[in-house]
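Please open the structure in your viewer and keep the selection panel at hand. The tour proceeds by selections, each followed by a short account of what is found there.

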Amino acid sequence: MKIIKRNGSEENLTKKKIFDSIVKANDCVAEDERLTRKQIQRITDAVAEACEQFEEPVHIDLIEDMIEKKLMEHSAYDVAKRYISYRYEKERVRNNKNLTDKLYAKNVVNQNANVDEFSFGGRIGEAASYVTKEYALNHLISPMAKANHINNEVYIHDLDAYAVGSHNCLSIPFDDLLAKGFNTRQTDIRPANSISTALQLTAVIFQVQSLQQFGGVAATHLDWTMVPYVRKSFAKHYRDGLKYIRNIENIDWINVEDKDLSIDDKFYDDEAVKKYAMDKTLHELNQSVEGMYHNLNTLQSRSGNQLPFTSINYGTCTLPEGRMVIRALLEGSIKGVGKFHKTSIFPCGIFQCGKGINRAPGDPNYDLFRLALQSTAQRLYPNYVNIDWSGNEGYDKNDPRTYSSTMGCRTWSAWDINGLGFMKDGRGNICPVTIIMPTLAMEADRDVEKFMALLDKKIGEAKDMLLERFDWICSQPAKSAKFMYENGTMYGYVPEEGIRSALKHGSLAIGQLGLAETLQLLIGKDHTTKEGMELAKRIEQLFSDRCNKFKKDLKLNFGVYYTPAENLCYTAMKKFQEKYGVIKNVSDKEFFTNSIHVPVWKKMSPFEKIDIESQLTGYSRAGCITYIELDTGAKHNIDALETFVNYAMDKDIPYFAINVPSDTCMDCGYQDEINDKCPQCGGEHIQRLRRVTGYLTGDYKTAFNKGKQDEVEHRVKHSDSMKDWK
Ligand SMILES: [Zn+2]
């Protein structure tokens, strides 16, 4: 019979191993308390016989429990005692080793591309994370949840944040906070009264809110949000213009900035002064946008020397002030940060594409869409979110807070069953789990019908795991996240009802990993084939039907989630390989394919990739992303980029991104795709920027885990499959 060892691998259990382990304990007790060889053999036989009843491999813990029990039954109390303390000691040493590895940054695996695990903060964070994960697994979650997590069936994300009961991510209602001001622990902040203050406070609010949770923070319509503050700045500069150009001081509109007049208002009737005010306002705006980009790339506020994961959505505001903001954000993105104008990693820019707004020549913001494409060609950002996505149908055209917007990584707030409708502000993802489908395919003996039945069961258990965690999160006191509950950054909070009143508007995400490998196991082909796609749709329909039912029955926002699996794509594969070995087209690499994505090594054009993935993205309500890979030719091919984005939007893709190589020579600042050496200075110190999840990260060769590195190396350029490219 087989046992499962602590590292997940399997091994044959021999009688000799049982015998030897009892002998070790036996040798440590007083001579007159010792068992004879014959007695030890009898106990060994009893354990071995008890093991025969198991058809499946058994975890080593269970075998050790059994040995303990048999020792007691044979009245060998001292030996049993010795055996127990021997086990405890071994466990202590094991835990200690894991903990010291984290404290001294040994065996670093880059679980999260944006944490510096070698830094002091990173070491504390990783060590704490190890301890809190163990605690959650062993003392907090149910045996069902623990078994699913350990068996590589249903993965619990951010387990280190489980015990304290914090939640994942949030779209912050910046309109409210900037207009009303807000409280922090030490002070209160007055409402913003200029564009420079508003953008500075935006960075501050991002920072503070990100400490109330474990995931990302987003602004859902930053262009609209900033309109009043551009107006305030303009009014002030206009007043200054009157004073210094026209020598007019005694005017009765001291507080004109409170009147929220458009910069086009006929009130501003002096052309020369108006020109002055406009120049000053633009200068202020550009400076503060640059300041925001630098702030969000430098202020590492989380333990682990981690930047907050920030995202900004924009692109639909057609008011002159909103257009100014969009232009400044895009120009800032193109300009880059620092001495060498490197691509800024945060915030993740997301351009909101809408029919009649910015997608075609003649649309009021078409020029800005073109500028966005230029930025993408060079900086990978912005990504593109689809205002007209069928999954957001019914949103309020008069309220930009309900427009399609997303967290950079991909989590999405769908229609709220608890009354907030299509509101995106003040809501977010509460927590996700991910079903590792290839494991289920193996457990179902690679039989389609058995797999579907098992998947159904596991979707149900995933729901229970989320409910378990949701209840735990809801049981936390509001004072654990004062900034959030005192300032109403999460909507719906009623103090008398507890924090559940706010959390119930968030989403509970049932994710998935490795559709492509699952289909290979079940039918020997993936969803780039007709049969593969048919089965893929059947699988996704099941996910979707179940989530819709849970949402209705339990009055909570369950949704299908196409998981990023940044770390999981690798760790799940390692566990899978230990258990099932190398299977061709399934586990013959270092990573599982992201959610429903087409495998990264499949050669096809961008259009073909969009055609395939767009058939499945409609099942998701808790977030997904589709990306294509292009070569550096993208820089000179903005028309082609426009075609790709519009094609994706027309195919009803909710969230779309374009990957282009972005390498920077750290010696001279040269930027392009660079092979081994910089063509300009011959330097070999090259930063290679690549996308992970929906965000970017630093050099993938040092910041990514082995699985993601391997995935990057496997990626083909979809532009290679287009004959008229370049
Ligand atoms: Zn160089």
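The stops below cover a sheet, a crossover, a helix pair and several individual loop residues.

The model is predicted; local features require pLDDT of at least 70 and side-chain atom pairs count only at pLDDT 80 or more, while totals for chains, interfaces and linings use all residues. Residues are numbered from 1 along each chain as its sequence is written.

**First stop: the open sheet**

Select β4, β12, β13 and β14, which form an open sheet of four strands in that order, with mixed pairing. Strands are DSSP runs of E with at least two residues, helices are runs of H or I with at least four, and both are numbered from the N terminus; two strands pair if DSSP finds at least two bridges between them. At the edges stand β4 (154-156) and β14 (557-561), each with a single partner strand, so one side of each has no neighbour in the sheet. From one strand to the next, the twist averages 25 degrees.

Now restrict the selection to β12 (residues 429-436) and β13 (residues 507-513), which run parallel and are joined by seven bridges. Within this region, I436 stands opposite L513 in β13. Add helix α18 (residues 530-554), which packs on the sheet and touches β13 and β14. The direction of α18 makes about 165 degrees with that of β14. Such angles run from 0 to 180 degrees between N-to-C directions, and axes are lines fitted to C-alpha atoms, for helices over the stretch in contact.

**Second stop: a β-α-β crossover**

Select strand β15 (residues 626-629). Which residues of β15 point one way, and which the other? T626 and I628 point one way, Y627 and E629 the other, and all are buried; a residue is buried if 20 or more other C-beta atoms, placed from the backbone, lie within 10 Å of its own, exposed if 12 or fewer, and partly exposed in between. In a regular strand, side chains alternate between the two faces of the sheet.

Next add strand β16 (residues 655-659), which pairs with β15 in the parallel sense over four bridges. T626 stands opposite F656 in β16. From β15 the chain crosses through helix α21 (residues 638-650) to β16, and this β-α-β crossover is right-handed: with the strands pointing away from the viewer, the path from the first strand over the helix to the second runs clockwise.

**Third stop: a helix pair**

Select helix α6 (residues 143-150) and helix α14 (residues 448-474), which pack at an angle of about 120 degrees with their axes 10 Å apart. M144, A145 and N148 in α6 meet E461, D464, M465 and E468 in α14; contact requires C-beta atoms, placed from the backbone, within 7 Å.

**Fourth stop: loop residues**

Select F346 and P347, which are joined by a cis peptide bond with omega of about 0 degrees. P347 lies in the loop between α11 (320-335) and β10 (348-353). A cis peptide bond also joins Y381 and P382, with omega of about 0 degrees, and P382 lies in the loop between α12 (366-379) and β11 (383-386).

Finally, select D158, in the loop between β4 and β5 (170-171). D158 is not a glycine, yet has a positive phi of about 45 degrees. Is D158 buried or partly exposed? D158 is partly exposed, with 19 other C-beta atoms within 10 Å. S595, in the loop between α19 (568-580) and α20 (606-613), has a positive phi of about 35 degrees although it is not a glycine. S595 counts as buried, with 28 C-beta neighbours inside 10 Å.

Methods: Two residues are in contact if their C-beta atoms, placed from the backbone, lie within 7 Å.
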